[in-house]
Amino acid sequence: MDSSAADPFARFEEWMAEAAKSEPNDPNAVCLATSTPDGRPSARMVLLKGIDPRGFVFYTNLESRKGGELAANPEAALCFHWKTLQRSVRVEGRV
Ligand SMILES: Cc1cc2nc3c(=O)[nH]c(=O)nc-3n(C[C@H](O)[C@H](O)[C@H](O)COP(=O)(O)O)c2cc1C
C-alpha cells in the first residue's frame, strides 16, 4: 500500500493535483449538500478554497439558503467529480 492510501487527506491532495492538470475547467468545483433540521436536503455547486487539518474550506454568503441551513443543522456532504480522471470523492461531516 502506498503511504497516501492510508491517509485520505493525502490521497485527496494527490487527486486534486492531478485534476488541476487534467480538468479543462474548475477542478475545485464540488457539490455541497445541506439539509434542514427536519431532513429536507438541498445541493449546489461551490468552489473548494483549501484543505487543512480542520477540513475542507469553501466561501459563501452566510445569508444564503446554504448558510441558513448550515446554521440550523451543521452537517454537510461534498461530492467531487473529475470526469477526465473518472474519479469522484465523497466527504461527510460537521461544518
Ligand atoms: C461552478 C460553480 C461554482 C460556484 N461556487 C460557489 C461558491 O464558491 N460559493 C457560493 O456561495 N456559491 C457558488 N456557486 C453558486 C452556488 O451554486 C449557488 O447557486 C448559490 O451559492 C446559492 O446557493 P443556495 O441558495 O443554496 O445558498 C457556484 C456555482 C457554480 C456553477
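Strand β2 gives the largest share of the shell around the ligand, with 5 residues. That makes the ligand a handy place to start in this predicted model. The shell counts 14 residues, and those that come nearest are R44, T60, S64, R65 and K66. Two elements, β2 and α2, each give two or more residues to the shell. By character, the shell splits into 6 nonpolar, 4 polar and 4 charged residues.

**The overall layout**

Stepping back from the ligand, the protein has 2 helices and 5 strands. Reading from the N terminus, the elements come in the order α-β-β-β-α-β-β. The C-alpha atoms fit in a box of roughly 40 × 30 × 20 Å along the principal axes. Of the 95 residues in the protein, 11% are buried. As for contacts between residues at least 6 apart in sequence, 41% of them join residues at least 24 apart.

An unreviewed UniProt entry annotates residues 17-95 as "domain: Pyridoxamine 5'-phosphate oxidase N-terminal". Over that stretch, the chain is 18% helix and 49% strand, and its end C-alpha atoms sit 24 Å apart.

**The sheet, strand by strand**

In what order do the 5 strands line up in the sheet? They go β3-β2-β1-β4-β5, in an open sheet with antiparallel pairing. The edges are β3 (55-58) and β5 (87-94), each of which pairs on one side only. On average, and with direction ignored, neighbouring strands are turned by 40° against each other. As a reminder, strands of a sheet pair through backbone hydrogen bonds, either parallel or antiparallel.

Here is how the bridges are shared out between the paired strands:

| Strand pair | Bridges | Sense |
|---|---|---|
| β2 and β3 | 4 bridges | antiparallel |
| β1 and β2 | 7 bridges | antiparallel |
| β1 and β4 | 3 bridges | antiparallel |
| β4 and β5 | 8 bridges | antiparallel |

Let's walk across the sheet from the β3 edge. Strand β2 covers residues 41-52, and its residue L48 has F58 of β3 as bridge partner. On to β1, where C31 stands opposite M45 in β2. C31 also stands opposite C79 in β4, so to speak with a partner on either hand. The next residue to look at is L32, which faces L78 in β4. At the other edge, W82 is bridged to R87 in β5.

**Two hairpins and their turns**

Strands β1 and β2 make a hairpin with 5 residues between them, and G39 in the turn has a positive phi of about 90°. A second hairpin is formed by β4 and β5, this one with 4 residues between the strands. What is odd about the phi of Q86? Its value is positive, about 55°, although Q86 is not a glycine. Q86 lies in the loop between β4 and β5. Is Q86 buried or exposed? Q86 is exposed, because just 7 other C-beta atoms lie within 10 Å, and 12 or fewer is the cut-off for that label.

D26 tells a similar kind of story. Phi of D26 is near 40°, again a positive value in a residue other than glycine. D26 belongs to the loop between α1 and β1. With 11 other C-beta atoms within 10 Å, D26 counts as exposed.

**The helices**

Which strands does helix α2 lie across? Helix α2 (residues 65-72) lies across β1 (29-35), β2 and β4 (75-82), and runs at about 50° to β1. R65 and K66, both among the residues that come nearest to the ligand, fall in the residue range of α2.

Helix α1 spans residues 8-22 and includes E14. E14 is partly exposed, because 14 other C-beta atoms lie within 10 Å, which is over the limit of 12 for exposed and under the 20 needed for buried. Looking back along the chain, E14 and S4 are 10 residues apart, and their C-alpha atoms are separated by 8.2 Å.

**Back to the ligand**

Putting the pieces together, β2 is joined to β3 by 4 bridges and to β1 by 7 bridges. β2 is also one of the strands that α2 lies across. And β2 and α2 are the elements that give two or more residues to the shell around the ligand.

Conventions: Residues are numbered from 1 along each chain as its sequence is written. This is a predicted model: local features need pLDDT of at least 70, side-chain atom pairs count only at pLDDT 80 or more; totals for chains, interfaces and linings use all residues. UniProt positions are given in the numbering used here, feature names are shortened, and annotations may be inferred rather than shown by experiment. Two strands pair if DSSP finds at least two bridges between them. Axes are lines fitted to C-alpha atoms, for helices over the stretch in contact, and angles run from 0 to 180 degrees between N-to-C directions. Two residues are in contact if their C-beta atoms, placed from the backbone, lie within 7 Å. A residue is near a molecule or strand if its C-beta atom, placed from the backbone, lies within 6 Å of it. Ala, Val, Leu, Ile, Met, Phe, Trp, Tyr, Cys and Pro count as nonpolar, Asp, Glu, Lys and Arg as charged, and the others, Gly among them, as polar.
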